[in-house]
Every structure is written in structure tokens, then in C-alpha cells.
Amino acid sequence: MDECVFCKIIGGDIPSNRFYEDDDIIVIADIAPHAKKHYLAIPKKHYKFISEMNDADLDVLRNCFKTIAKIAPELGLENGYRIIINQGDDAQQTVPHLHVHILGGEKLNF
């Protein structure tokens, strides 16, 4: 995935401020935030869609959601947050690498 911006971030070719990292995922700030606090949880292995994941790969998503819940207070999301996964053009998935948007830090009216 030489042209994938998230693969380049994961590989260190594009610098990023990582709020969390383990063997499976990284969490970074979104560069075009839609809320006061807007982060991205990105699997290190490249998938475009959830449908490309096998049963073992789905453990990455389980880890991702458990991690988000664990680090939410450190991210300033102690009052709640919204999780969004865009899949495909109609959902406006702009980067073809599966990622989870984490939004919060304020009352969300959308």
C-alpha cells in the first residue's frame, strides 16, 4: 500500500503525534477535526473495508474498541464520545484504509 497515507503514517514516513500505540493500532489526532476533540484509531494492518477482515483480524477491531474505552479519559473524552467508521464512497470514506473516528470534547449536535 505504497500510496496509502495511513500506511505512511504507521510506517513513520509521515510524522504524527501518537496518543496511543500497540502492536495492532495507533491513535492520532484528525488533521481536519469535526469536533473539539477528534481522533483516529487506525489498524496497522491495511484493510479498506471491514468485509476484508477474517475472523482473526476482527480481534484488531475488538482491541481497538476496548482501547478507545480505556484511553478516553486521557484524550479528554470523559463526558462521552462518538465512534464512526465510514465504509465506501457513499459514506465519504476519504482514506481507503479502515479507521475509526472518535469525536467528543463537546456536545455533538450532528
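This briefing walks through the sheet, the helix across it, a few single residues and the two largest pockets.

What you have here is a predicted model. At its heart for this tour is an open sheet of five strands, ordered S1-S2-S3-S5-S4 and paired in the antiparallel sense. Helix H2, residues 58-71, lies across S1, S2, S3, S4 and S5. There is also open space to look at: the largest pocket holds about 520 Å³, and the second largest holds about 170 Å³.

**The sheet as a whole**

- Strands in a sheet are held as pairs by backbone hydrogen bonds, and a pair can be parallel or antiparallel.
- In this open sheet the pairing is antiparallel, and the order to keep in mind is S1-S2-S3-S5-S4.
- S1 (18-21) and S4 (81-84) are the edge strands, so each of them pairs on one side only.
- From one strand to the next, the twist averages 20°.

**The S1, S2 and S3 side**

- S1 and S2 make a hairpin, with three residues between the two strands.
- Their antiparallel pairing runs over three bridges.
- Two of the S1-S2 partnerships are easy to pick out: arginine 18 has isoleucine 28 in S2 as its bridge partner, and tyrosine 20 has valine 27 in S2.
- Valine 27 also looks the other way, as the bridge partner of alanine 41 in S3.
- S2 and S3 pair in the antiparallel sense over five bridges.
- S2 is largely enclosed by the rest of the structure, because four of its five residues are buried.

**The S5 and S4 side**

- S4 pairs with S5 (residues 100-104) in the antiparallel sense, over four bridges.
- Within that pairing, isoleucine 83 sits opposite isoleucine 102 in S5.
- Glycine 104 belongs to S5 as well.
- Is glycine 104 buried or exposed? Its relative accessible area is 1%, so glycine 104 counts as buried, a label that needs a value under 20%.
- Away from its own stretch of sequence (residues up to four places off are not counted), glycine 104 touches Ala35, Lys36, Lys37, Leu77, Gly80 and Tyr81.
- Glycine 104 and isoleucine 83 are 21 residues apart in sequence, and their C-alpha atoms are 9.2 Å apart in space.

**Helix H2 and the loop after it**

- H2 runs at about 45° to S2 as it lies across the five strands.
- Threonine 67 is one of the residues in H2.
- Threonine 67 has a relative accessibility of 3%, so it goes down as buried.
- Which residues does threonine 67 contact, leaving aside neighbours within four places in sequence? The answer is Tyr20, Asp22 and Ile25.
- Proline 73 sits in the loop between H2 and S4.
- Proline 73 is partly exposed, at 48% relative accessible area.
- Tyrosine 20 turns up again here: proline 73 is 53 residues from it in sequence and 13 Å from it in space, C-alpha to C-alpha.

**The largest pocket**

- This is the pocket with about 520 Å³ of space.
- It is lined by 27 residues, and the ones closest to its centre are Asp30, Ala32, Leu40, Thr94 and His101.
- H1 (5-11), S2, S3 and S5 each put at least two residues into the lining.
- H1 gives the largest share, three residues.
- By class, the lining breaks down into 16 nonpolar, 10 polar and one charged.

**The second largest pocket**

- Here the space is about 170 Å³.
- Its lining includes Gly76, Leu77, Glu78, Asn79, Gly80, Tyr81 and Arg82, and also Gly104, Gly105, Glu106, Lys107 and Leu108.
- Glycine 104 is therefore worth a second look: it is buried at 1% relative accessible area, yet it is listed in this lining.
- Leu77, Gly80 and Tyr81 are in the lining too, and they are among the residues that glycine 104 touches.
- Sorted by class, the lining has three nonpolar, five polar and four charged residues.

How values were computed: Residues numbered from 1 in each chain as written. Predicted model: local features only at pLDDT ≥ 70, side-chain atom pairs only at ≥ 80, totals over all residues. Heavy atoms only, no water. Pairing = 2+ DSSP bridges. Axes fitted to C-alpha atoms, helices over the stretch in contact; angles between N-to-C directions. Contact = heavy atoms within 4.5 Å. Buried < 20%, exposed > 50% of the residue type's maximum accessible area, 1.4 Å probe, protein only. 1 Å grid on protein atoms, 1.4 Å probe; cavity = no way out; pocket = protein on both sides within 12 Å on 5 of 7 lines; lining within 4 Å. Points joined across faces, edges and corners; volume = space filled by probe spheres on them. Nonpolar A, V, L, I, M, F, W, Y, C, P; charged D, E, K, R; others polar.
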